Amino acid sequence: MQVDEEAVGAVLNRLRRAQGQLAGVIAMIEAGRDCKDVVTQLAAVSRALDRAGFKIVASGMRQCMAAADEGTAPMSEAELEKLFLALA
């Protein structure tokens with residue numbers, strides 16, 4: 001399974017956003033910023049990563065549903081469950 005073309009742009013944008021936010025967290029720590037500010041920014045990184053992950057899982061589910069209509073399943077229910085749990 002690959003991330004479908006509809007999801008690739010959104011996933012990459014979210015990952016790039018997380019990358020930039022993480023660089024901000026590192027800079028904040030190096031500058032000795034207040035922990036509350038660092039944690040708030042780190043939470044934003046986590047949300048961006050979660051959203052990218054959920055988009056990838058949704059892409060896999062969409063492919064499974066399309067494949068089921070064709071009579072084949074590229075990913076089992078157990079594999080999809082494992083992807084969801086990996087985000088927890």
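Begin by selecting L83, which lies in helix α3 (residues 77–86); helices are DSSP runs of H or I with at least four residues, strands are runs of E with at least two, and both are numbered from the N terminus. L83 counts as partly exposed, because its relative accessibility is 29%. In this vocabulary, buried means under 20% relative accessible area, exposed means over 50%, and partly exposed lies in between, with a 1.4 Å probe and protein chains only. Next, add F54 to the selection: L83 and F54 are 29 residues apart in sequence, and their C-alpha atoms are 9.0 Å apart in space.

The structure on display is a predicted model, in which local features need pLDDT of at least 70, side-chain atom pairs count only at pLDDT 80 or more, and totals for chains, interfaces and linings use all residues. Residues are numbered from 1 along each chain as its sequence is written, and side-chain values use heavy atoms, with hydrogens and water left out.

**The whole chain**

Now display the entire protein chain as a cartoon. It has three helices and zero strands, and along the sequence the pattern reads α-α-α. Of its 88 residues, 24% count as buried. The accessible surface comes to about 6200 Å², and 58% of that surface belongs to carbon and sulfur atoms; such areas come from the Shrake-Rupley method with a 1.4 Å probe, and for residues only the protein chains shown count as cover. Consider also the contacts, where contact means heavy atoms within 4.5 Å. Among contacts between residues at least 6 apart in sequence, 62% join residues at least 24 apart.

**Helix α1 and its buried residues**

Select residues 5–30, which form helix α1. This helix has 26 residues and reaches 38 Å from its first C-alpha to its last, close to the 38 Å expected at 1.5 Å a residue. The expected span is 1.5 Å times one less than the number of residues in the helix.

Which residues of α1 are buried? They are A7, V11, R14, A18, Q21, V25 and M28. Pause at R14: it counts as buried because its relative accessibility is 17%. Leaving aside neighbours within four places in sequence, R14 is in contact with A48, R51, A52 and K55.

**The nonpolar core**

Select A18, V25, M28, V38, V45 and A48 together, for these six residues make up the largest nonpolar core. A nonpolar core is a set of buried Ala, Val, Leu, Ile, Met, Phe, Trp, Tyr and Cys residues joined through side-chain atoms within 4.5 Å. The elements that give two or more residues to this core are α1 and α2 (35–70). Within the core, centre the view on V25. When residues up to four places away in sequence are not counted, V25 touches V38, Q41, L42 and V45.

**A nonpolar patch on the surface**

Switch to a surface display and colour V8, L12, L15 and L49, which make a nonpolar surface patch of about 290 Å². Patches are made of residues with over 30% relative accessible area and no salt bridge; like charges are joined within 9 Å, and nonpolar side chains (Val, Leu, Ile, Met, Phe, Trp, Tyr) within 5 Å. Helix α1 gives the most to this patch, with three residues. L12 lies in helix α1 and counts as partly exposed because its relative accessibility is 36%.

**After α1: a glycine and a salt bridge**

Move along the chain to G32, just after α1, which takes a positive phi of about 75°. Then show the side chains of R33 and D37, which meet in a salt bridge at 3.4 Å, N to O. A salt bridge is a side-chain nitrogen of Lys or Arg within 4 Å of a carboxyl oxygen of Asp or Glu. How many salt bridges does a search of the whole structure find? The search finds one. R33 is partly exposed, with a relative accessible area of 44%, and D37 is partly exposed at 32% relative accessibility.

**The start of the chain**

Finally, select E5 in helix α1, which is exposed, with a relative accessible area of 79%. The C-alpha atoms of E5 and S59 are separated by 9.0 Å, although the two residues are 54 residues apart along the chain. Q2, in the segment before α1, counts as exposed at 65% relative accessibility. Not counting residues up to four places away in sequence, Q2 touches S59 and Q63. Q2 and Q63 are 61 residues apart along the chain, and their C-alpha atoms are separated by 9.0 Å.
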